Amino acid sequence: MPAKSIRVATDVGGTFTDLLVFESDAATGEARVRSAKSDTTPGGYEEGVFDVMAKAGVEADSVGFLAHGTTVVINALTERTGVRVGLVTTQGFRDTLEIARGNRPDFFNLHYRKPEPFVPRRLRRELPGRIDYHGNEMQPLDLSPLPAIVADFQAEGVEAVAICFIHSYANPSHEERALAELARLWPGVSAISSHQITREWREYERTSTAVLSAYVQPVAERYLQRLDAGLAEKGFGGGLYIMQSNCGVDSVGTVSRIPITMVESGPASGVWGAAELGRLIGEPNVLALDIGGTTAKCSLVEDADVRIKTDYWIGRSRATAGYPIMVPVVDLVEIGNGGGSIAWVDDFGKLRVGPRSAGAAPGPAAYGRGGTEATTTDANLWLGRINRDYFCGGTVEADMDAVQKAIEAVGARLGVDADEAARGIVRIANNNMVNALKLVSVNRGFDPRDFTLIAFGGGGAMHAVALAQELGVTKVVVPADASVFSAWGMMMSDLRRDDVLTLLVDLTAGNASAIEAAFGEAEARARGRFAAEGIAASQVRLARLGKFRYQNQEHTTEVPLEGGPITAAGVAAIEAAFHETYEREYTYRLDAPVEMVGLHVIATVDIGKLTMTRHEVTGRALADAQKGTRRVDYALEGRHEAAIYDGERLEPGMAFDGPAIVEDPGTTVVVHPGSHAEMDGYGNIRILIRN
């Protein structure tokens, strides 16, 4: 065993690329955690990874484990920078993408237009052949038109092909044959079929998922190849794992084949980190809040269990229905409110914040890179919540002249001075985040007062106490290294794969054996895939969930299935668990038959997690960590003389009351008047709110 073990996690965000290094010495038993941030490099995200490793002094040849999360997929989708895609589908289903769903958000808008499909109609082609919903072949597949389709696609400059046949979730044989023939006719083309991604029903959602996966596949594959090759050139010989949207990591080879699984890799790692931290400190029920430079993400974790769903949509807003992606994604709400979110005044004279962001370039006005529009970061600086003399940990000199001009411009449109405009920006940003937190709690049958708010990201700790006060939450936890906490979450993740399959059957004792057989087959497939990669069955942990609904309803509720094999005697307990889960979410239950719609198998493999060491109280005086005092405008409670503490000098056992500010190189913790803060043994700041 090597004397030193070095594990690294990197997270590419919209503004910054974060890095966390965990270095342990087997000889001395000592462990050291370091972090670093550098600007994200949109032209080549891998360069930002290499930059932040160099900034942290990390030599690639010394690293044994590297986990990586990236926004490359979500950016390619939202910015429409993927490749030209051709779709091959079942005869008669060419227009599935065009028809979509009738879920338009602005229902009474007679001028509403559906989102434009990612594949134009001329590049959507059909093949004869039909499978029914039981998986039986109704009409043989006819591949004779495929050569002409391939020739047309090549002439049109198509770079990737998606294949989606009706009911292939029940029987993928037609898709498998078409994919094999396509590879023979067009060697090297990037191609994906829907059954490789999902085995759930709903034709529009499966077709959309296959198309969007094909759209980003060459982009993501090239990116991961550049990252892998660049690390290899620098001597990296360890394991490279990619963070997925299901809160687990997977090998770079597996993710390269189906990169759509990392559509929300960064946010997923943050939520998983919050769940793991909650377990560690005895807070299993948490609200996870991640405020970065571009967005704010939040999720609810109950009993340390992160909720995963497969009805994820991108681009959905009040103005558009968006596009579905049917892959396992952490259940979260994401809004365009981060440190770089731009404040603006609408045509009715109302102040708004976000969703447009200043991004990494030019960034907030305070960065002095040409930004002229006021952002949340600028408002926090103006109010003294962020130290203008310690901006970005002292690495950036805040351009306060640019900040003043930007905020005064907002104030001029509102008819108020700069101070009031800055307060308004912070209040509006807080209100937007409160609404997002309510969406993952109140709207789903949970009382936020029963949860602890874990706030991270560069801006999480700045707003967390105000949000907790509004929601009635009494405890806030700001993790150690909060600004790179998503990277910490990656180091706590398992190798994970999810199988979600449609199984439509009444939930009765008579069907127990059929349900158990379906789970057994899915689990055998999961073990088989790992076995092909040299991972023994004994290393694979399996968990079961079922998707249920009242008979004839449209949507489902997922319920964990524990306690071993499903038997006729155990069906009643499963039904009772469904009734309870359904009532909590929708406030009522029905006296109606229950049917199973799908099964969900989670297969995980432990690849080594961080072992956190609890430090003892040293007894040092709090005064050793105090930098002084500063007049701070809390936006809600007025101006106060706040004690200023150096976050790097705070130690376990130290405690203080608000008003106070904790300054860390990566984030600022705003402790409001009436709140009590204390350091725990893991370096987290726990804040008790006296509402």
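A salt bridge here is a side-chain nitrogen of Lys or Arg within 4 Å of a carboxyl oxygen of Asp or Glu. The model is predicted, with local features needing pLDDT of at least 70 and side-chain atom pairs counting only at pLDDT 80 or more, while totals for chains, interfaces and linings use all residues. Residues are numbered from 1 along each chain as its sequence is written, and side-chain values use heavy atoms, with hydrogens and water left out.

**View 1. A salt bridge joins R497 and D250.** The side chains of R497 and D250 meet with an N to O distance of 2.8 Å. The two partners come from distant parts of the chain, R497 from strand β25 and D250 from strand β12 (residues 249-251), 247 residues apart; helices (H or I, at least four residues) and strands (E, at least two) are DSSP runs, numbered from the N terminus. R497 counts as buried at 12% relative accessibility, and D250 is likewise buried, at 2%, where buried means under 20% relative accessible area, exposed over 50%, and partly exposed in between (1.4 Å probe, protein chains only). A search of the whole structure finds 44 salt bridges.

**View 2. Helix α15 carries E585 and Y586.** E585 forms a salt bridge with R307 (3.6 Å, N to O), a pair that links helix α15 to the loop between β15 (305-306) and β16 (308-309) across 278 residues. E585 is partly exposed, with a relative accessible area of 22%, and R307 is also partly exposed, at 27%. Y586 lies in helix α15 (residues 571-586) and forms a nonpolar surface patch with Y588 and L590, with about 260 Å² of accessible area together. Patches are made of residues with over 30% relative accessible area and no salt bridge, like charges being joined within 9 Å and nonpolar side chains (Val, Leu, Ile, Met, Phe, Trp, Tyr) within 5 Å; the areas come from the Shrake-Rupley method with a 1.4 Å probe, and for residues only the protein chains shown count as cover.

**View 3. D419 and R639 belong to a salt-bridge network.** The closest N and O atoms of D419 and R639 are 3.2 Å apart, and the pair connects helix α11 (residues 418-440), which holds D419, with strand β30 (residues 639-646), which holds R639, 220 residues apart. D419 is partly exposed at 24% relative accessible area, as is R639 at 34%. Through shared partners, salt bridges join D419, E420, R423, R427, D633 and R639 into one network.

**View 4. Two cis peptide bonds precede prolines.** G354 and P355 are joined by a cis peptide bond with omega about 0°, and P355 is placed in strand β22 (residues 351-357). The peptide bond from G658 to P659 is also cis, with omega near 5°, and P659 lies in the loop between β31 (655-657) and β32 (660-663).

**View 5. H167 and C392 have positive phi values.** H167 is not a glycine, yet its phi is positive, at about 65°; this residue lies in the loop between β9 (160-164) and α5 (173-185) and is buried, with a relative accessible area of 15%. C392, also not a glycine, has a positive phi of about 55°, is found in the loop between α9 (376-382) and α10 (400-414), and is partly exposed at 23%.
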